[in-house]
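Visitor: Got a minute to walk me through this one? I'd like to ask a few quick things as we go.

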Amino acid sequence: MAETTVHGAIRRDSSGDRPNSAKRNRTHPPLLSPRDLISDLPDAVIHHIFSFLPLKDVVKTSVLSKRWQSAWTTTAHLVFHDTYSSDFPSLVDSVLIRCTSPTVKRFHITIFKCNAAYRPKLDLCLRFAEDRRVEDLRLCLLQLRVHYILPRFLYCLSRLVRLEVYSCCFSLGTAIRWPCLVVRMCAVER
């Protein structure tokens, strides 16, 4: 009888209906159970993958495997992009509380409808970034009537390499010490 290969592992007889298990067992080893290869990835590779994803997608990776359930909490790339969500401050708080990474390479916040009520939350978020020795800080506040004054503790971030702010102001007469700063972008909405 002629044989055909299905999925490269199970051989069927010419009728195509039933596996020819006797012949398969004699010529091929038994099929192995599928391995969870994604769980075997090193942490460095997982975090590299995270660096290309929006934060909400990074959090969604927790369903990929058992090992990944909390892997997102160790990411060093926190990029928050408000999409006109009323619960955006709660989302940011929830992620920051769960974040266990000792350092944060990238910390970006974009808020579309920013108002005065966000100021204390922004201060706390920036304190978090400072505590985690942030290297790339972006704060983009849109549709803000009064500019956000950056807190003074940000003026001495020794590891800051990139700073981008939009609709933010610096305090006059305050010394700034950013010895590693390479890129600085500031824009004021008019």
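Guide: Sure, and one cut-off up front: a residue is buried under 20% relative accessible area, exposed over 50%, and partly exposed in between. Glu135, at 29% relative accessibility, therefore counts as partly exposed. Keep in mind that this is a predicted model.

Visitor: Okay, which residue does Glu135 pair with in a salt bridge?

Guide: Lys105; the N to O distance is 3.9 Å. Lys105 sits in the loop between α4 and β4 and Glu135 in the loop between α5 and β5, so the bridge ties together parts 30 residues apart in sequence. Lys105 is partly exposed too, with a relative accessible area of 41%.

Visitor: How many salt bridges does the structure hold?

Guide: Seven. One of them joins Asp93 and Lys121, with the closest N and O atoms 2.4 Å apart. That pair links helix α4, where Asp93 is, to helix α5, which holds Lys121, 28 residues apart. Asp93 has 27% relative accessibility and Lys121 has 32%, and both ends count as partly exposed.

Visitor: Which residues are linked in a network of salt bridges?

Guide: Asp136, Arg138, Arg162 and Glu164. Within that group, the side chains of Arg138 and Glu164 meet at 3.3 Å, N to O. Arg138 is in strand β5 and Glu164 in strand β7, 26 residues apart.

Visitor: And is Glu164 buried or exposed?

Guide: Buried, because its relative accessible area is 18% and the cut-off for buried is under 20%. Arg138, at 24%, is partly exposed.

Visitor: Switching topic: what's the overall layout?

Guide: The chain has five helices and nine strands, and from the N terminus on they run β-β-α-α-α-β-α-β-α-β-β-β-β-β. Of its 190 residues, 34% count as buried. About 12000 Å² is exposed, with carbon and sulfur atoms supplying 57% of that.

Visitor: Which residues have the most contacts inside the largest nonpolar core?

Guide: Leu78, Phe80, Phe107 and Leu139, in a core of 40 residues. Several elements supply at least two core residues each, including α2, α4, β3 and β5. Helix α5 gives the most, with five.

Visitor: What is Leu139 in contact with?

Guide: Leaving aside neighbours within four places in sequence, the contacts of Leu139 include Ile109, Leu122, Leu126, Tyr148, Leu150 and Val165. Glu164, from the salt-bridge network, is in contact with Leu139 as well.

Visitor: Any nonpolar stuff on the surface?

Guide: Yes, Val45, Ile49 and Leu53 make a nonpolar surface patch of about 190 Å². Ile49 is in helix α2 and counts as partly exposed at 34% relative accessibility.

Visitor: What about Thr61, buried or exposed?

Guide: Buried, at 8% relative accessible area. Thr61 is in the loop between α3 and β3, and a polar atom of the Thr61 side chain lies 2.5 Å from the backbone oxygen of Val58. Beyond its sequence neighbours within four places, Thr61 is in contact with Phe50, Leu53, Trp68 and Trp72. Leu53 is also part of that surface patch.

Visitor: Last one: anything odd in the backbone angles?

Guide: Two positive phi values in non-glycine residues are worth a look: Arg133, near 55 degrees, and Ser167, at about 65 degrees. Arg133 is in the loop between α5 and β5 and is partly exposed at 37%. Ser167 is in the loop between β7 and β8 and, at 0% relative accessibility, counts as buried.

Definitions and conventions:
Residues numbered from 1 in each chain as written. Predicted model: local features only at pLDDT ≥ 70, side-chain atom pairs only at ≥ 80, totals over all residues. Heavy atoms only, no water. Helix = DSSP H or I, 4+ residues; strand = E, 2+ residues; numbered from the N terminus. Buried < 20%, exposed > 50% of the residue type's maximum accessible area, 1.4 Å probe, protein only. Areas by Shrake-Rupley, 256 points an atom, 1.4 Å probe, with all protein chains shown as cover. Core = buried A, V, L, I, M, F, W, Y, C linked by side-chain atoms within 4.5 Å. Contact = heavy atoms within 4.5 Å. Polar contact = N/O pair within 3.5 Å; in protein donor to acceptor, adjacent residues only side chain to side chain. Patch = residues over 30% accessible without salt bridge, like charges linked within 9 Å, V, L, I, M, F, W, Y side chains within 5 Å. Salt bridge = Lys/Arg side-chain N within 4 Å of Asp/Glu carboxyl O.
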